[in-house]
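Colleague: I would like a close look at one part of this model, taken slowly enough that I can follow each residue on screen.

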Amino acid sequence: LYHDNVPITVYDYKYWWSDAWSPLEFGKNYDFSKPFIEQFAELLRVVPFPQLDNSEPGRITNSEYVNDCWDIKNCCLSITTGFSEDCYYVYTVLNSKDIFDSLWLIQSQNCYECVDSKNCYNVFYSQYAENCIDSYFLYDCRDCINCFGCVGLRHKKYHIFNKAYTKEEYFKKIGELWDGKYTSFKQRQKDFQNLSMLCPHKYAYLINTQNVIGNNVRNSRNCIYCFDTEENVENSKYLAKTGLGIKDSFDLYSSGTNMELSYDSAAIGNSLSKVYFSMITIVSRDIHYSISIFTCNNLFGCIGLRNKSYCI
């Protein structure tokens, strides 16, 4: 994660998580004659950081080249991925299996080159697909099975470029369009893009929302200027790449999962309350101006602490 020349101390990921060292060894008294931010910067340069921002090593199985991941198995070059296995070259994938080259995919399996999709199986080259199976080149489709090159469909089967076919006609036509050659692939991709440009697009992708301003928001309410926000987010503003149970929080990036009353932080999540001006904070509460904090409470200006309370 860090360049060789960064002015901070970096430990091996597994060693950082071990009991072979203590971050309290780097503790210092607060000097009221100096600005807080200067003292925090000094601490930042001496407390070791792990070379990867993953959860505990026991929750990362056979996945050496990943970052910001938790509860994964057999993954490679995956970022912000959790509760998943056999995922490669992905960013923000949750509760999924056998995913390649995809972005923001949830509860899906055996998908390739999919973006902003959920509950899909055997879906390829698609965006905004939800509850879809055995389909290629979808855009804004829901509850579709065996569809190819379709845009804006709901509850459909055996459609090709938004035209209905019988089951027998569908598979015969697919055999003609999809012969495995790269030139055919590029032509079908172009045909799909042309259809996508012709079909009307909704001004924003908001699904099951109430009083929401933003884009890519699902199952949330009272959210203002929120983007890429997923599931049960309430009474929050200015969020990006967040979700899964955020309540009463402002100004967060890449954060989520059962948290509340937090402000101006990034990469925080998983059972949090009252986290302010902090980064990389997990399963904690009442945290101020801190970085790399795991299972702690009541901290101010701390770095690299695990299972600690009432530290400054």
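Colleague: How many helices and strands does the protein have, and, within that framework, which residues of helix H3 are buried? Please also take me through the strands that its buried residues pack against, and through arginine 154 in the loop between S12 and S13.

Modeller: The protein has four helices and 26 strands, these being DSSP runs of at least four residues (H or I) and at least two residues (E), numbered from the N terminus. This is a predicted model, in which local features need pLDDT of at least 70 and side-chain atom pairs pLDDT 80 or more, while totals for chains, interfaces and linings use all residues. Residues are numbered from 1 along each chain, and side-chain values use heavy atoms, without hydrogens or water.

As a setting for H3, the C-alpha atoms fill a box of roughly 75 × 40 × 30 Å along the principal axes, and buried residues account for 46% of the 312 residues in the protein. Here buried means under 20% relative accessible area, exposed over 50%, and partly exposed in between (1.4 Å probe, protein chains only).

Helix H3 runs over residues 167–177, and its buried residues are Tyr170, Ile174 and Leu177. Viewed down the axis of H3, these buried residues fall within an arc of 65 degrees (taken from the directions between the helix axis and the C-beta atoms), and so they line one face of the helix. An α-helix has 3.6 residues a turn, so residues three or four places apart point the same way. On the face turned away from the buried side, H3 carries the exposed residues Glu168, Lys172 and Glu176.

The buried residues of H3 pack against strand S11 (133–142), strand S12 (145–151), strand S13 (157–160) and helix H4 (182–198), where contact means heavy atoms within 4.5 Å. Of the contacts in the protein between residues at least 6 apart in sequence, 17% join residues at least 24 apart.

The loop between S12 and S13 holds arginine 154, which is partly exposed at a relative accessible area of 26%. Leaving aside neighbours within four places in sequence, arginine 154 is in contact with Asp140, Cys141, Arg142 and Cys144. The side chain of arginine 154 reaches the backbone oxygen of aspartate 140 at 2.7 Å, a polar contact (a pair of N or O atoms within 3.5 Å, one able to donate a hydrogen and the other to accept it; residues adjacent in sequence count only if both atoms are side-chain atoms). Although arginine 154 and arginine 142 are twelve residues apart along the chain, their C-alpha atoms are separated by 5.0 Å.

Arg142 and Cys141 then lead on to glutamate 130, which touches both of them. Glutamate 130 belongs to strand S10, residues 121–130, and, with a relative accessible area of 11%, glutamate 130 is buried. Its side chain makes a polar contact at 3.3 Å with the side chain of arginine 218. Apart from residues up to four places away in sequence, the residues that glutamate 130 touches include Lys118, Asn119, Cys120, Asp143 and Tyr205.

To retrace the path on screen, start from the buried residues Tyr170, Ile174 and Leu177 of H3, go on to strands S11, S12 and S13 against which they pack, and then turn to arginine 154 in the loop between S12 and S13. From arginine 154 you can pass to Cys141 and Arg142, which it contacts, and from those two residues to glutamate 130, which touches them as well.
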